[in-house]
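I opened my notebook today to look through a protein model, one piece at a time. Here is what I looked up, in the order I went.

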Amino acid sequence: MSFKEEFNNYIKKSVNIAIISHITPDGDAIASCLAILFYIKKLYPNKNPKVFLESDPVLDFNFLDKFSEINWVKNLADKINKNFDTIILLDGSENKRFSRFHSDFNFDDATTICIDHHPNTNFTYNLSEVNPNVSSTTQLIYTSLYIGAPGLISHQIAEILLVGIITDSGFFQYIEGEKAKALPISYKIASLGKIDLQSLVRKLKLFTENELKIYRTLIDNLTFIKSDLNDKLMYSFLSLEVLNQFTLVEIENAENLFKENILRLVKNYNWGFVLTPKSHTEVSVSFRSVKGSINVSLLAKKFGGGGHVYAAACRFPLDSTNRTHLDIISKVVNLILSEKLELA
Ligand SMILES: [Mn+2]
């Protein structure tokens, strides 16, 4: 039986269906949830599907159809335990990706279905469609459920699907090898849904005045370092005060702007990092690198984090050993200046 047939059979047998995705939801997480919500509502109107994301609302995507149906919750385990007969987990294959309270998850009486494009070996869901050679979960949803039913692709669902594909491929930058299928698939979806790509891309790139203010601070705090052992690097940071003025979502969006526009794009500086607070007691350090420069995944691992070869991150508590963010920066910088790091 194909994934689609199995998926449809599980939906037919269910009534209450929870659709969830990862914490700090991005365009792919949100679009995946909406694409599944739309699919079930369209084909199985008697079912009761609900989307839950453990996050503050990510309003950047509020132009998407059915966005207002997303339930933004503080504790996902509280919401979905026992109340649903099917749980659909999207854009992640480990329970810990979906909630800070994942250890409280109790799916014993529920069917679990997972669709994801992250490489993982360690999942135990009733039905899984996992393919790391695809650039977004949204694309995987399109190819596994929507393809062959072009009548399903309205303007609204085409916009949802394209938002997932465009954002997770970095506006079609990260599409090596098989992932380049994102291009013909996007063309197909855009033509079926009559999407004006230029205005959709503008909607996705828009930032707010507040985000621009934070971005300016990141530029002001930019520091360039010439290391004898390693490639030249740059870094920047935000201090804790930023939390008193701006929301976490605004801070993350400004951080992303900085990572996309600065961290890999200054001539002769092929890698670097940015430090931002996640709360008053925790800061994150995000590393970015380009081909041939430092393997930042190994670097992040030295500090207990992880990620990809060219994009990785770790977190530091603010405690007696790391009293200020500057203590953490000097810790990271000292390691970089004193040890030859591995190249990607
Ligand atoms: Mn994704």
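**Entry 1: a helix on a sheet.** I started with helix α10, residues 248-261, which lies across β8 (233-237), β9 (271-279) and β10. I checked its direction too: α10 runs at about 180° to β9. A reminder to myself: this is a predicted model.

**Entry 2: the sheet under that helix.** Next I asked in what order the strands of this sheet come. I read β7-β8-β9-β10-β12-β11, six strands in an open sheet with mixed pairing. Which strands are at the edges? I found β7 (223-225) and β11 (306-307), and each of them pairs on one side only.

I then picked out one pair to follow. Strand β10 covers residues 282-289 and strand β12 covers residues 311-317, and seven bridges pair them in the antiparallel sense. In this pair I noted Val-285, which stands opposite Cys-314 in β12. My textbook note fits here: strands of a sheet pair through backbone hydrogen bonds, either parallel or antiparallel.

**Entry 3: the other sheet.** I moved on to a second open sheet, where six strands follow the order β3-β2-β1-β4-β5-β6 and the pairing is parallel. Here β3 (70-73) and β6 are the edge strands with a single partner each, so one side of each has no neighbour in the sheet. I also looked up the twist: neighbouring strands of this sheet are turned by 20° against each other on average, direction ignored.

I walked through some of the pairs:

- Strand β1 (residues 16-21) pairs with β4 in the parallel sense over five bridges, and Ile-17 stands opposite Thr-86 in β4.
- Strand β4 (residues 86-90) runs parallel to strand β5 (residues 111-116), joined by five bridges; Ile-87 stands opposite Thr-112 in β5.
- Strand β5 also runs parallel to strand β6 (residues 127-130), with four bridges between them, and Ile-113 stands opposite Leu-127 in β6.

**Entry 4: another helix across strands.** Which strands does helix α4 lie across? I found that α4, residues 137-146, lies across β4, β5 and β6. Its direction is at about 110° to β5.

**Entry 5: two helices together.** I wanted to try describing a helix pair. Two packed helices are described by the angle between their axes and the distance between the axes. I chose helix α5 (residues 155-168) and helix α7 (residues 197-205), whose axes come within 11 Å and cross at roughly 60°. Why do I call α5 oblique to α7? Roughly perpendicular begins at 65 degrees and roughly parallel means under 35, so the crossing makes α5 oblique to α7. I also noted that the crossing of α5 and α7 is right-handed.

Then I listed who makes the contact. From α5 I wrote down Glu-159, Leu-162, Val-163, Ile-166 and Thr-167, and from α7 Leu-200, Val-201 and Leu-204. Sorted by class, the contact of α5 with α7 has six nonpolar residues, one polar and one charged.

**Entry 6: stepping back to the domains.** Last, I looked at the domain assignment, which gives domain 1 (3-205) and domain 2 (209-338). How far apart are the C-alpha centres of the two domains? They lie 29 Å apart. Four residues from domain 1 and five residues from domain 2 take part in the contact. On the side of domain 1 that touches domain 2, I noted one nonpolar, one polar and two charged residues.

Methods
Residues numbered from 1 in each chain as written. Predicted model: local features only at pLDDT ≥ 70, side-chain atom pairs only at ≥ 80, totals over all residues. Domains from an automatic or database assignment. Contact = placed C-beta atoms within 7 Å. Nonpolar A, V, L, I, M, F, W, Y, C, P; charged D, E, K, R; others polar. Pairing = 2+ DSSP bridges. Helix = DSSP H or I, 4+ residues; strand = E, 2+ residues; numbered from the N terminus. Axes fitted to C-alpha atoms, helices over the stretch in contact; angles between N-to-C directions. Parallel < 35°, antiparallel > 145°, perpendicular 65-115°, else oblique. Left-handed = near helix turned anticlockwise from the far one by under 90°.
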